[in-house]
Amino acid sequence: MSGLKDAEGLMAKLRDACKKNNTPEAAKLLSQIKIATIQFTSLPGMKPPSESDPKELLLVREAYELACLSVSLPQDDVPSFDRHMSQLKTLYADYAGVLPRSERQFELQGLGLLSLLAQSKIAEFHTEIELIPVDQWENPFIRFPIKLEQYLMEGSYQKVLSSVGEVPAASYKCFVDKLSGTVRDSIAESLEAAFKTLPLAVGLKMLRFKDATELSDYTAMREREWVVDSSHIVFKEEDKEDLEVPSQRVIVETLSYAKELERIV
């Protein structure tokens, strides 16, 4: 029981550090809690849910929730977020019958989906969606990443960029910014391929920038060799290789392969 008592004392300090947005202290306390919970006998997977100690499970669940929201996201540590989220998915799904639903569950499930979108893991996104009951899809935290995925599939990139101001919680901004960056890069590449020059006002609207300064900062950060003046964007003209297809040789080789296949058959 001393292990649980020690962990509860550390958890109280962790909550306080999270309220104060003291990320370094929260990270240190989280490591200490993980060590303290080694003594637990009801960690996920150790016992059947019905035989597990709810107090231990609740403490572990809250620790991972705070790890995601108050340590991994502020540190912009996506791999760490994904590891903690993996543990939470087990706790949310396998222990639903023995634990009350967490008030943070929907927010974190939505964040998990958004993380997959931001990393372009579309197949995993669909797998995770199937694990969430359909009647929960209308929850604002779950509906938001579903809506973004639909926009991506439709190619409605402008709607994705507009969604930055529609996040259901401040915690979503990290992954929405990452996704918006990916989408903006795709739009920029399309503009480069389609145009030699573009009116500045059109480029700003397409890329969702407020002014030429923001656009210039973006091009410098992405090392795009664009010339931005007061009225136009001039794209760098890439040297194009000669991609002429030797059609006669291809035809001869294709007929040769067809004859050989006919002979084998």
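Here is a short chat about reading the sheet, the largest pocket and an aromatic pair in this predicted model.

Reader: Let's start with the sheet. In what order do the strands sit?

Author: The general idea first: strands of a sheet pair through backbone hydrogen bonds, and the pairing can be parallel or antiparallel. Here, three strands make an open sheet in the order 1-3-2, with antiparallel pairing. Strand 1 (197–199) and strand 2 (227–228) are the edge strands, each pairing on one side only. Two bridges link strand 2 with strand 3 (residues 232–234), and there Val 227 stands opposite Val 234.

Reader: Which helix packs on the sheet?

Author: That's helix 10 (residues 200–207), which touches strand 1, strand 2 and strand 3. Its direction makes about 85 degrees with that of strand 1.

Reader: On to the pockets. Which residues lie nearest the centre of the largest pocket?

Author: In general, rolling a probe the size of a water molecule over the atoms shows where empty space is left. In this model the largest pocket has a volume of about 440 Å³. Its lining counts 21 residues, and Lys 89, Tyr 92, Ala 93, Gln 105 and Gln 109 lie nearest the centre. Helix 4 (78–94) and helix 5 (105–118) supply at least two lining residues each.

Reader: How many residues of that lining are nonpolar, polar and charged?

Author: The split is 13 nonpolar, four polar and four charged.

Reader: Last one: how many aromatic pairs does the structure hold?

Author: You describe a pair of aromatic rings by the distance of the centres and the angle of the planes. The structure holds five such pairs. Take Phe 141 and Tyr 172: their ring centres are 5.9 Å apart and the planes stand at 35 degrees, so this pair is tilted.

Reader: Where do Phe 141 and Tyr 172 lie?

Author: Phe 141 is in helix 7 (residues 140–154), while Tyr 172 is in the loop between helix 8 (157–162) and helix 9 (173–194), so the pair ties together parts 31 residues apart in sequence.

How values were computed. Residues numbered from 1 in each chain as written. Predicted model: local features only at pLDDT ≥ 70, side-chain atom pairs only at ≥ 80, totals over all residues. Heavy atoms only, no water. Pairing = 2+ DSSP bridges. Helix = DSSP H or I, 4+ residues; strand = E, 2+ residues; numbered from the N terminus. Contact = heavy atoms within 4.5 Å. Axes fitted to C-alpha atoms, helices over the stretch in contact; angles between N-to-C directions. 1 Å grid on protein atoms, 1.4 Å probe; cavity = no way out; pocket = protein on both sides within 12 Å on 5 of 7 lines; lining within 4 Å. Points joined across faces, edges and corners; volume = space filled by probe spheres on them. Nonpolar A, V, L, I, M, F, W, Y, C, P; charged D, E, K, R; others polar. Phe/Tyr/Trp six-rings, centres within 6.5 Å; stacked < 30°, edge-to-face > 60°.
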